[in-house]
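Here's a quick tour for anyone meeting this structure for the first time. Have a look at the sequence and the picture, then read on.

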Amino acid sequence: MKVKQPTTYYEQIEVMRSRGCEINDDVVAIEFLKKVNYYRFSGYFFAFEQDDDTFAEGVTFEKISSVYAFDQELRIMIMRAVSAIELSAKSIISYHHGHQYGALGYMDSVNFGDKHDHGRFIAQLEVAMRNNKNAQFVKHHFHKYGGNFPIWVAAELFTMSMISIVYADLKVTDKKKIAQEYSTDYVHLESWLHSASVLRNICAHHGRLYHVLFHQPPKLPRAYVKNSAIGTYSLGRQLCMLKLLYANWRDEWDNAFVLPLSALVEKYGKSIDIRKVGLPENWEDVLTW
């Protein structure tokens, strides 16, 4: 069986040197590689490589590790934004469904659209209940209400992925009403929630964002795309999607995301290329409400 053999930190450094990467301090580089697996780190090489797999002239270990640090801080910012979107979506969807069909209406498949897989949904919910069995609100509802969880309580157990699926599985009339809360139509909102779920999972598992293509880009309003020079499959398009999900909290988006992102770009400005995340030079104009 053909398999790669493990290499030492010094060998990893020499591989980088042989491909043209400048490394000024081996000790610093080794300490970094002790914290960040070389295989993970090598994913950031792509943004600096030439066609023959060598590094472009002037690429240093410090520059690549700075891009890695930028990516790490950006993931934290995006996770914070997606978390706010997740909480709001739980609130809005459960509020509408509860008032439309009753506190336990979500337990009946007739209160969803035709493509809804109710068995799968209930199974996911049961797993979530078991995984959170020691949470105070779960124990309370099992003890006092015999395990009957109103939709607004059950929603607390929904993951971002479940939220996306639940919304997609609603009746069209319900989806339209909920989409109005986001100042959009249900087709776009369905796409945004799905993309937010995928993006959240990438960030939660420390996936790379810099110089990456997203193969299922969120749908954006045609006029918005036309007036914004963003890459179709880029992180930039994902950030525009997050912005649109913040339509009702525009000041919060500008102050809690755009301003910190501006500071982050300035902090790592000598190492990063904003185009590698699919944003134009005037990205602040694109992302600011």
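In this predicted model, D53 is partly exposed, because its relative accessible area of 45% falls between the cut-offs of 20% and 50%. D53 sits in the loop between helix 3 and helix 4, and its phi is positive, about 70°, although D53 is not a glycine. That loop comes up again below, along with the overall build, the salt bridges and the cysteines.

**Positive phi angles**

- H211 also has a positive phi without being a glycine, with a value near 60°.
- You'll find H211 in the loop between helix 10, which covers 186-204, and helix 11, which covers 222-226.
- With a relative accessible area of 33%, H211 is partly exposed.

**The overall build**

- The chain has 14 helices and zero strands.
- Following the sequence, you get this pattern: α-α-α-α-α-α-α-α-α-α-α-α-α-α.
- The C-alpha trace spans about 65 × 50 × 35 Å along its principal axes.
- How many of the residues count as buried? The share is 46% of the 289 residues in the chain.
- For a feel of the distances, take Q136 and S271: their C-alpha atoms are 47 Å apart in space, and the two residues are 135 apart in sequence.
- Q136 belongs to helix 6, which runs over residues 136-145, and counts as exposed at 58% relative accessibility.

**Salt bridges**

- Side chains of opposite charge can pair when their charged atoms come close.
- The structure holds ten salt bridges, and a few of them are picked out here.
- R17 and E14 form one of them, with 2.9 Å from N to O.
- Both R17 and E14 are in helix 1, residues 9-18, and they're three residues apart, or about one turn of the helix.
- R17 is partly exposed at 29% relative accessibility, and E14 is partly exposed too, at 43%.
- The pair doesn't stand alone: E14, R17 and D26 are linked in a network of salt bridges.
- Which residue does E49 bridge to? The partner is R19, and the closest N and O atoms are 2.2 Å apart.
- The E49 and R19 pair links distant parts of the chain, 30 residues apart: E49 is in the loop between helix 3 and helix 4, while R19 is in the loop between helix 1 and helix 2 (26-35).
- E49 counts as partly exposed at 21% relative accessibility, and R19 is partly exposed with a relative accessible area of 21%.
- The side chains of D273 and R275 meet in another salt bridge, at 3.0 Å from N to O.
- D273 is partly exposed, at 21% relative accessibility, whereas R275 is exposed, with a relative accessible area of 58%.

**A negative patch on the surface**

- E22, D25, E57 and E62 form a negative surface patch.
- Where does E57 lie? E57 is in the loop between helix 3 (38-42) and helix 4 (61-101).
- Is E57 buried or exposed? E57 counts as exposed, because its relative accessibility of 82% is over the 50% cut-off.

**Cysteines**

- A search of the whole structure turns up zero disulfides.
- C203 is in no disulfide, and the nearest cysteine sulfur, which belongs to C240, is 16 Å away.
- That distance leaves C203 unpaired, because a disulfide needs two cysteine sulfur atoms within 2.5 Å.
- C203 is buried, with a relative accessible area of 5%.
- C21 counts as buried as well, because its relative accessibility of 4% is under the 20% cut-off.

Conventions:
Residues numbered from 1 in each chain as written. Predicted model: local features only at pLDDT ≥ 70, side-chain atom pairs only at ≥ 80, totals over all residues. Heavy atoms only, no water. Patch = residues over 30% accessible without salt bridge, like charges linked within 9 Å, V, L, I, M, F, W, Y side chains within 5 Å. Areas by Shrake-Rupley, 256 points an atom, 1.4 Å probe, with all protein chains shown as cover. Salt bridge = Lys/Arg side-chain N within 4 Å of Asp/Glu carboxyl O. Lys, Arg positive; Asp, Glu negative; His and termini not counted. Charge placed at Lys NZ, Arg CZ, Asp CG, Glu CD. Helix = DSSP H or I, 4+ residues; strand = E, 2+ residues; numbered from the N terminus. Buried < 20%, exposed > 50% of the residue type's maximum accessible area, 1.4 Å probe, protein only.
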